[in-house]
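Okay everyone, thanks for coming. I'd like to walk you through one structure today, so have a look at the slide first.

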Amino acid sequence: MSVSDANELYRKNQLLAALPTEEYHRLLTHLEIVSLSRRQILHEINEPITYVYFPTQALASMVSLMEDGATIEVGVVGKDGMVGLPICWGGNSATTQAIVQIPGEALRMTADRLKAEFDRHEALYRLILLYTQNLFTQVAQTAACNRRHNVEQRLARWLLSIEDRVPGEQLLLTQEFIAQMLGIRRSGVTVAATALQQAGTIRYSRGKIAIVDREKLRSAACECYNVVKNESDRLMRLMDDGT
């Protein structure tokens, strides 16, 4: 990749953008620009992870698959982080599937190279540890949210979290896909989306969702959004302070 292309893209990923310049330039030759398509699988359950991804425009979901074929999203990764964290933990595989939810560009690196850079215990090591805490907070709060809050609150929380992680004014999301990610029936998504639209928080038509009043949508969401958002902002400040 050209240096100009890489420099433009890496600033769009918050994890890479927090790296010191010298360390980033060392990584530069090992990163490649890739275009991720909708429903593309980035890694499968219990299979070796061969690449890690730093999304700049795309958004990926970490999805649990049940024996009966049901799916539910347990976490999302966008411009805030990296897909493939188990590589850093030494496990080399995951019990979740990573699937592209919103297509777009990302920067990719081989898993072996990422592990080698992580084991240097320099800035990337610290940033990935902070991001791991960020992601753990998201996953834990999602588990609590799925148990305690109604579909409308969960949908509002989910849409806000998606918008935080991808650029653009419209989200291309079908009701079927939202239902799969939230682990509910499609009819439940229809009822919740209609209620949010009637309240003037979103505009929904033919698989396109636009958030038209973010503050109203935030009020409609459960407290889980603020818990995750506040922790994410705090950890991002620590990332910036350390470089």
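Let's start with a warm-up: in which loop does P20 lie? P20 lies in the loop between α2 (14–17) and α3. Before going further, some housekeeping: this is a predicted model, where local features need pLDDT of at least 70, side-chain atom pairs count only at pLDDT 80 or more, and totals for chains, interfaces and linings use all residues. Residues are numbered from 1 along each chain as its sequence is written, and side-chain values use heavy atoms, with hydrogens and water left out. When I say helix or strand, I mean DSSP runs, H or I over at least four residues for helices and E over at least two for strands, numbered from the N terminus.

Back to P20, then. With a relative accessible area of 28%, P20 is partly exposed. On that scale, buried means under 20% relative accessible area, exposed means over 50%, and partly exposed is in between, using a 1.4 Å probe and protein chains only. P20 also has a partner far along the chain: P20 and A123 are 103 residues apart in sequence, yet 7.3 Å apart in space, C-alpha to C-alpha.

Next, helix α5, residues 111–118. Which of its residues are buried? They are A111, L114, E117 and F118. These four sit on the same side of α5, because they cover an arc of only 125° around the axis; the arc is that of the directions from the helix axis to the C-beta atoms. And what covers them? The cover includes α3 (21–28), β3 (51–55), α4 (86–89), β7 (104–110) and α6 (123–148).

Stay with F118 for a second. A search of the whole structure finds 1 aromatic pair, and F118 is in it, together with Y125. The pair is tilted, at 4.8 Å centre to centre with 45° between the planes. For the cut-offs: rings of Phe, Tyr and Trp (its six-membered ring) pair if their centres lie within 6.5 Å, and planes under 30 degrees apart count as stacked, over 60 as edge-to-face and the rest as tilted. F118 counts as buried at 6% relative accessibility, while Y125 counts as partly exposed at 25%.

There's another ring to look at: R108 lies over the face of Y51, 3.8 Å from the ring centre. The rule there is NZ of Lys or CZ of Arg within 6 Å of the ring centre and within 35 degrees of the ring normal.

Now, the empty space. The largest pocket has a volume of about 360 Å³. Of the 21 residues that line this pocket, the closest to its centre are M62, W89, T96, L135 and V139. Which element gives the most to the lining? That would be α6, with 4 residues.

A search of the whole structure also finds 1 cavity of 30 Å³ or more. Its lining is E73, T142, N146, R157, W158, M181 and L182, and the elements giving two or more residues are α6, α7 (151–165) and α8 (175–182). The method: on a 1 Å grid over the protein atoms alone, a cavity is a set of points where a 1.4 Å probe fits but cannot get out, and a pocket is an open set with protein on both sides within 12 Å along at least five of seven lines; lining residues have an atom within 4 Å of a point. Grid points are joined across faces, edges and corners, and a volume is the space filled by probe spheres set on the points.

Let me pick one residue from each lining. T96, from the pocket, is found in the loop between α4 and β6 (97–102), and at 13% relative accessibility T96 counts as buried. Not counting residues up to four places away in sequence, T96 touches H43, E44, I45, M62, V63, S64 and V74, where contact means heavy atoms within 4.5 Å.

E73, from the cavity, lies in strand β5 and counts as buried at 6% relative accessibility. Leaving aside neighbours within four places, the contacts of E73 include V63, Q101, W158 and Q180. E73 and V63 are 4.4 Å apart, C-alpha to C-alpha, and 10 residues apart in sequence.

Last, some backbone. Most residues other than glycine have a negative phi. N46, though, has a positive phi of about 60°; N46 lies in the loop between β2 (41–43) and β3 and counts as exposed at 54% relative accessibility. N92 has a positive phi too, near 70°. N92 is found in the loop between α4 and β6 and is partly exposed, with a relative accessible area of 40%.

That's my tour, thanks.
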